[in-house]
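Student: I am new to this structure and would be grateful for a close look at a single part of it, namely its interior. Please explain each term as it arises.

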Amino acid sequence: MYISSRTIKRKPRLTGPYGSDHSTGSSTTIVSKISLSLPPPLPPPPGYVDNKPLPPRPTAVLLSFRQQGFNTMVAYHKNAAEYHVAVYMNCFMPSSFVTVIRRAHEDGEVVSSFEMGISTQRATVNMHGTEKFVDAVLSRTGKKTDDRIWQWKWDEDPNHMIGWHREAPVRYCYILDSAGRPSGPMIAAFVVCSSTSNVRQASPQPASITIYPAGQHIMDHILTSALLVERKRLTPSPMTMNPIFN
């Protein structure tokens, strides 16, 4: 029996995933079948933001105090009034004065007020309609200037327990821990008003307060306590009562 050395090679048929004959079937039908078989796209992971810009980082707020009249000053931030501060005499006790802090202007919302002076009555402070004695919410620790801390504790809220460290020319503010010591980042810095040091200086350095992001949610407490501490600092102590008036 004769067997030829030449064999006939048949072209293999290409089959798709569904057994379709690629050599004879329509390519459009095959593509559509494959497309229909693909699973739906997965949802983005939690917290994923698609090409959206990040919010700007919070920056410090600088409040500069400007005298507006014989009894008024305004705290400005970038030429916009943030707080209006006015001082009034107590007509029943002319040696006692009431400081009223309002939001933005003289008719704005009352933020706080306090009354201090030469009087037999204890000094009081009012925050958002609640009145307390000043010596119940503001105290001083430390005898040396470097160790001195003015502690402001309005209530049991940890955010309302802050301390002012050091005296002039710059006073620093921190959240206080349970022991009454500064804890965490600095939340504010108060530059006290300087007096004219020489005849070449046209005017004294204005006071200003910088409130950092960690303290911007308690700006009212920071400003009120800063003004109270400055008033206390400039008030004669019992050891320097002679003379009382300058």
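Tutor: The account below begins with the chain as a whole, turns to its interior, and ends with some of its loops.

The model is a predicted one, in which local features need pLDDT of at least 70 and side-chain atom pairs count only at pLDDT 80 or more, while totals for chains, interfaces and linings use all residues. Residues are numbered from 1 along each chain as its sequence is written, and side-chain values use heavy atoms, with hydrogens and water left out.

The protein chain contains 3 helices and 13 strands; these are DSSP runs numbered from the N terminus, helices being H or I with at least four residues and strands being E with at least two. Of its 246 residues, 31% are buried. Here buried means under 20% relative accessible area, exposed means over 50%, and partly exposed lies in between, for a 1.4 Å probe and protein chains only. The chain exposes about 17300 Å², of which carbon and sulfur atoms supply 57%; such areas come from the Shrake-Rupley method with a 1.4 Å probe, and for residues only the protein chains shown count as cover. Among contacts with a separation of 6 or more, 32% join residues 24 or more positions apart, a contact being heavy atoms within 4.5 Å.

In soluble globular proteins, nonpolar side chains tend to be buried together. The largest nonpolar core here has 37 residues. Such a core is a set of buried Ala, Val, Leu, Ile, Met, Phe, Trp, Tyr and Cys residues joined through side-chain atoms within 4.5 Å. The residues with the most contacts inside this core are W152, I162, W164, I209 and I222. Its largest share, 7 residues, comes from helix 3.

Helix 3 covers residues 219–234, and at 1.5 Å a residue these 16 residues should span 22 Å; the end C-alpha atoms are 23 Å apart, which agrees. The expected span is 1.5 Å times one less than the number of residues. Because 12 of its 16 residues are buried, helix 3 is largely enclosed by the rest of the structure. Its buried residues include M219, I222, L223, L227 and V229, and also D220, H221 and E230. I222 touches I162, W164, I187, A188, I209, I211 and G215, leaving out residues up to four places away in sequence.

Aromatic rings form another set of pairings. Rings of Phe, Tyr and Trp (its six-membered ring) pair if their centres lie within 6.5 Å, and planes under 30 degrees apart count as stacked, over 60 as edge-to-face and the rest as tilted. By this rule there are 2 aromatic pairs. In one, the rings of F65 and F190 have centres 6.4 Å apart and planes at 85°, so the pair is edge-to-face. This pair links distant parts of the chain, since F65 belongs to strand 1 (residues 61–67) and F190 to strand 12 (residues 182–191), 125 residues apart. Both F65 and F190 are buried. In the other, the rings of W152 and W154 have centres 5.7 Å apart and planes at 15°, so the pair is stacked. W152 is buried because its relative accessibility is 0%, and W154 is buried at 8%.

Charged groups also lie over rings. This is counted if NZ of Lys or CZ of Arg is within 6 Å of the ring centre and within 35 degrees of the ring normal. The charged end of R66 sits over the ring of Y76, 4.3 Å from its centre, and R122 lies over the face of F133, at 3.7 Å from the ring centre.

The loops include both buried and exposed residues. R148, in the loop between strand 8 (138–141) and strand 9 (149–153), is buried at 15% relative accessibility. Beyond its neighbours within four places in sequence, R148 is in contact with residues including R140, K143, W164 and E167. A168, in the loop between strand 10 (161–165) and strand 11 (170–176), is partly exposed at 44%. Apart from residues up to four places away, A168 touches V192 and R233. A168 and V192 are 24 residues apart in sequence, with their C-alpha atoms 6.3 Å apart in space. K78 lies in the loop between strand 2 (72–77) and strand 3 (80–90) and is exposed, with a relative accessible area of 73%. Although K78 is not a glycine, its phi is positive, about 55°.
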